[in-house]
Amino acid sequence: MVNIGIIGVGLVGSELISQLSAHISQNETSTFKIIALMNSTKQLLSNSSYSSLDLSSWKNDLSAKGTTSNLVSFINYLSEAPTPSIVIDNTSSQEIANSYPLFIEKGLHIVAPNKKAFSSDLKLYKEIREKATEKKRFIYHESTVGAGLPVLSTLTDLIRTKDKIIKIEGIFSGTLSYIFNEFSRLDGEKKKFSEIVKIAKENGYTEPDPRDDLNGLDVARKVVILSRLVGKDLSLDTLPVENIVPEPLRTLDSATEFMASLTEYDEYFEKLNTTANNNQQVLRYIGVIDPIGDKSEVKLVSLPSSHPFTALKGSDNIIAFTTERFPSPLIIQGAGAGAAVTAFGIFSDLFKISDRTLF
């Protein structure tokens, strides 16, 4: 059996528990066992025999029986289990990401949709990789890029089979995909940029403060993650990122002020869109990984209507791998955000580790 400890049981964590619970109940030979849960205030650990927690009542049990969250005791408990243990980090916490070397030192495998460990400090990233190799522990983070889309696994397969990566380009943000798919088109009703951002916020597509999407940092993290897998020592502070938040709005105190002021820049965005449309092009916000020319970047671009990135619908992601074997790009497209698909990406990583540790 593989023991599982989950840090972060919000939207994605709850969906993951639901998927795991369904799998376990439908498969007598399931190798997974959830023995520990933690949120920002409480943790729930199984007993000394490491039996599975009751997944039918975990929310109430965590609330009623949980003790104060303590990362050290949580990790120690998992590390002392008699069979392999995996810790899943569903948070966006830099503090927890900084603890990955400790997790590995304690003998734990890691699955994480948390982008911080793989896109922040390069020294931390290298320490995690080196320690994982030294301790023969597995780390998977498929869902850090494209949620459940097989982006990292495809790139890993291309690299392991010695294909030459020429360029990776993509629309990596479901939020910015939706905004520009709605705003910049050659047919249909034209809408104001601020109206579309407002609708995106109301529908839950954006962060509570949409500037956290429009500044490009989320896309930048994904570009850094892919670049490092390709073997480039890219960091957020060296990657050119186009922040499309109008400069006077970047320092406003609240999201409410930002949304109220964004209407003042509708004409600016409309001019960009009109210029593109007049050339039979549309605006798209993309990330580029260029390992050969060392020109990776994140930017708003105009693309011809024939380009595959212009046919996206809704909040889909699309990633194109141009390689020596695939001069006509290998394209992955689909839902790149949402609890169900993110949990699926985490779940698939669990299988990869269990297959390698038990068989």
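**Notebook: annotated site and two pockets**

I began with Thr91 in this predicted model. Leaving aside neighbours within four places in sequence, I found Thr91 in contact with Ile7, Gly8, Ile96 and Asn114. Thr91 sits in the loop between strand E5 (85-89) and helix H4 (94-98). Its side chain makes a polar contact of 2.6 Å with the side chain of Asp89.

I then checked the record. The unreviewed UniProt entry has a "binding site" annotation covering Thr91 and Lys115. The two span 25 residues in sequence, yet their C-alpha atoms are no more than 9.1 Å apart, so they gather at one spot. Both Thr91 and Lys115 belong to the lining of the largest pocket.

Next I looked up Lys115. I placed Lys115 in the loop between strand E6 (109-111) and helix H6 (116-119). Not counting residues up to four places away in sequence, Lys115 touches Thr144, Asp218, Arg221, Lys222 and Ile225.

I turned to the largest pocket. Its volume is about 1200 Å³. I noted 36 lining residues, with Val12, Lys115, Glu207, Asp218 and Ala337 nearest the centre. H12 gives the most to this lining, four residues. By class, the lining has nine nonpolar, 19 polar and eight charged residues. Domain 1 (2-148 + 340-355) and domain 2 (152-335) both contribute, so the largest pocket lies between them.

Last came the second largest pocket, at about 720 Å³. Its lining counts 22 residues; Arg129, Ile139, Tyr140, Thr156 and Arg356 lie nearest its centre. Here H8 gives the most, with six residues. I logged eight nonpolar, four polar and 10 charged residues in this lining. Domain 1 and domain 2 both give residues to it, so the second largest pocket also lies between them.

How values were computed:
Residues are numbered from 1 along each chain as its sequence is written. This is a predicted model: local features need pLDDT of at least 70, side-chain atom pairs count only at pLDDT 80 or more; totals for chains, interfaces and linings use all residues. Side-chain values use heavy atoms; hydrogens and water are left out. UniProt positions are given in the numbering used here, feature names are shortened, and annotations may be inferred rather than shown by experiment. On a 1 Å grid over the protein atoms alone, a cavity is a set of points where a 1.4 Å probe fits but cannot get out, and a pocket is an open set with protein on both sides within 12 Å along at least five of seven lines; lining residues have an atom within 4 Å of a point. Helices (H or I, at least four residues) and strands (E, at least two) are DSSP runs, numbered from the N terminus. Contact means heavy atoms within 4.5 Å. A polar contact is a pair of N or O atoms within 3.5 Å; within protein, one must be able to donate a hydrogen and the other to accept it, and residues adjacent in sequence count only if both atoms are side-chain atoms. Grid points are joined across faces, edges and corners, and a volume is the space filled by probe spheres set on the points. Ala, Val, Leu, Ile, Met, Phe, Trp, Tyr, Cys and Pro count as nonpolar, Asp, Glu, Lys and Arg as charged, and the others, Gly among them, as polar. Domain bounds come from an automatic or database domain assignment.
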